[in-house]
Each structure stands twice: as C-alpha cells, then as structure tokens.
Amino acid sequence: MVSLRQAAVNHLRARVIRRHGRDSLPININRRRIYILPTRFGFMLGAILAAMLIAGLNYNSNLALAFAFLMSSMAFVTMHHCNRNMLRLSVDATIEVDAFAGREARLEFELRNGSSVDRRDIEVRCMNAAGMGSVAAGDSETIEVIAPVAQRGITRVSQFEMRTRYPFGWFYSWTYVQGAITIYVAPAPLGNLKLPSGASQGAGSHSEARGDEDFSGLRAYQPGVPLKHMAWKVLARGGEPVVRSYSSLAAQPEWLDWSALSGLDTEARLSQLCLWVLESDAAQRPYGLRLPGKELAPSGGAAHRFACLRALSAFGMES
C-alpha cells in the first residue's frame, strides 16, 4: 500500500513538472495549481453521511435526512474554504542556504497574503521536514523549515510542497512549487590541531606581535613586563598576577593550507580547515584558504567566510 501511494505521488509530481515547468520565485498560486482530496476523516464522514442518507430514506426519517443534508452542506463549504486557503498566496524562498554536516539546514519560505482574508495553518514541506504558519490579511509571514543534513556536499532541492487541512481537517489541499534551492553543507568543524607556526609568511599561520593596537587576552606575569600592562583588577580580586596581551593589527594574514595537514584523510582535513576558518573569522583576523586546484585570497567578513565554507563543501564535487 505504501509503495502504491508513493508511486502515485511520484507520478503526480512528474505530471506537475510537465504541466507547469520550472517556477521562477516568487510565484503566485493560482487555482490550476491547487489539488484537493478528502482526508481519512473526510472519507469517514462521507461514509457516515451516506449511511445516514440510506437509513433516512429506508425508514422515512425526515430528521435523519435533514441532518445528513446539513452535514453534507457543511462538508462542501469546508471543501471550498480549504481550497481557498492557499489561493493567490505569493511564495518566495531563500535559494541559497549554508549548513554544517551532521547539523540542520534552516530553509526560509516567505508567504505574502495580498487578499482581505486570513490564511491559516499553511504547512511547507521540504526534504522530509515541515514548518507551519498563518498569514494575516494584507501581511506576510516567514515559515522556517529545519531539515537535518548528514553529509558534506551540495544538495539541490528542485521542488517543495505547500499543504493545508484548514479548517476542520476533513479535506487536504496542496500544491507543488518547482523552486530551485541550493544547500551548501560544509564539513563539521572538528579537529584539535593548531595553525602551524610561520604559516603567515606564506604557508599558513598568524604571527603575533605585542603592541598597543589590539587586546587579545590575559597571560601570566613575567619579570620585566611593563607595569602599565598589569591587570590590577584581577590581582585585587585575589587572582594570580596576569598582564594584558596585545596583538599587532599589522600582523600578516593567515593561510589555511591543505598541504599543512598531511597524514589526515580528506574529510578530516576539510573538518580541520573548517574549524580554522571559523576560529579566524571569530578572531577577526584576515585569512586565506588553499585547496588543491583552488585558492581564496586573504580577506575577512561574512562574505569571505561563506565563500571559504562553500569551497570546502564543494571540494571534490565540482563535476
């Protein structure tokens, strides 16, 4: 039964692609894109109403007939509201998403309701995960779908589904959107290696020069250190004598180099490089990335971090 149902779903998905083609986000959901069927509760209700109608006719019971016709009318009105709940909604999505292997990808879908009717209990399904929300009249709402990602690489989602069971769960209305979403899954940031010394001169580390430009932390006191660097507040609280350490802002940029991790397998190297990228970005130090066949010049900021993480996620998968 499950295989037959999945085969029917796959056939319908393929038919939708042939009928509507690829969508360019954002899109407006028109009537031709919405499909509707009774749920299990709807089929049960239909069977009960049919039995009541037959019994009312057989025993000439006007009360049973009136109740059966009343419930049938309510069912038709409910079907209309379920179908209308997604009609003329505008749908947009974030087409590029970043995540880490073994964690979760956060997919964002924006629904805009330009009508004067509230749209309630709209569910968005993508990658076997779902998120639900409601959109007030003349407003917009962002629905977040959190999907687990297990392996490093680039995942391309070509289709996602929107559905609703509003208002009573008797009918199930849905539509497919052929929107392309790319998920860049970077390797898990793991490793216990430090950047190799001297790498900032062209092979990959950060040279630290003491100065008065940038505070970098506390270190143990050593004789001969100027007293102006003494952390007096720590000493006043009864702590060990420590001094403030500074890093020169003019330090050479770091090179996070693939060749500096010889002896590790491919995924372990990528995980260590990913950890170094995050550490260098958190410390706001300029850094570059060297991979076989690819090099990213030293820079900083969120855009450079994303570029490095996406280069790690796509390593070995360029074809």
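**View 1. How strands S2 and S11 pair.** Two strands count as a pair if DSSP finds at least two bridges between them. In this predicted model, strand S2 and strand S11, the latter spanning residues 171-177, are joined by four bridges and run antiparallel to each other. A close-up of this pairing can be centred on Tyr35, which stands opposite Trp174 of S11. As general background, the strands of a sheet pair through backbone hydrogen bonds, either parallel or antiparallel.

**View 2. The open sheet of five strands.** Read across the sheet, the strands follow the order S2-S11-S10-S6-S7, and their pairing is antiparallel. At the edges lie strand S2, residues 35-38, and strand S7, residues 129-135, each of which pairs on one side only. From one strand to the next, the twist averages 25°.

**View 3. Helix H3 against the sheet.** Helix H3, which covers residues 62-84, packs on the sheet and touches S2, strand S6 (119-126), strand S10 (160-164) and S11. The direction of helix H3 makes about 20° with that of S11.

**View 4. Cysteines without disulfides.** The structure holds zero disulfides, and Cys308 offers a case to examine. The cysteine sulfur closest to that of Cys308 belongs to Cys274 and lies 10.0 Å away, which is too far for a bond, because a disulfide requires two cysteine sulfur atoms within 2.5 Å. Are Cys308 and Cys82 buried or exposed? Cys308 has a relative accessibility of 0% and therefore counts as buried, while Cys82, at 1% relative accessibility, also counts as buried, since the term applies to values under 20%.

Key
Residues numbered from 1 in each chain as written. Predicted model: local features only at pLDDT ≥ 70, side-chain atom pairs only at ≥ 80, totals over all residues. Heavy atoms only, no water. Helix = DSSP H or I, 4+ residues; strand = E, 2+ residues; numbered from the N terminus. Axes fitted to C-alpha atoms, helices over the stretch in contact; angles between N-to-C directions. Contact = heavy atoms within 4.5 Å. Buried < 20%, exposed > 50% of the residue type's maximum accessible area, 1.4 Å probe, protein only.
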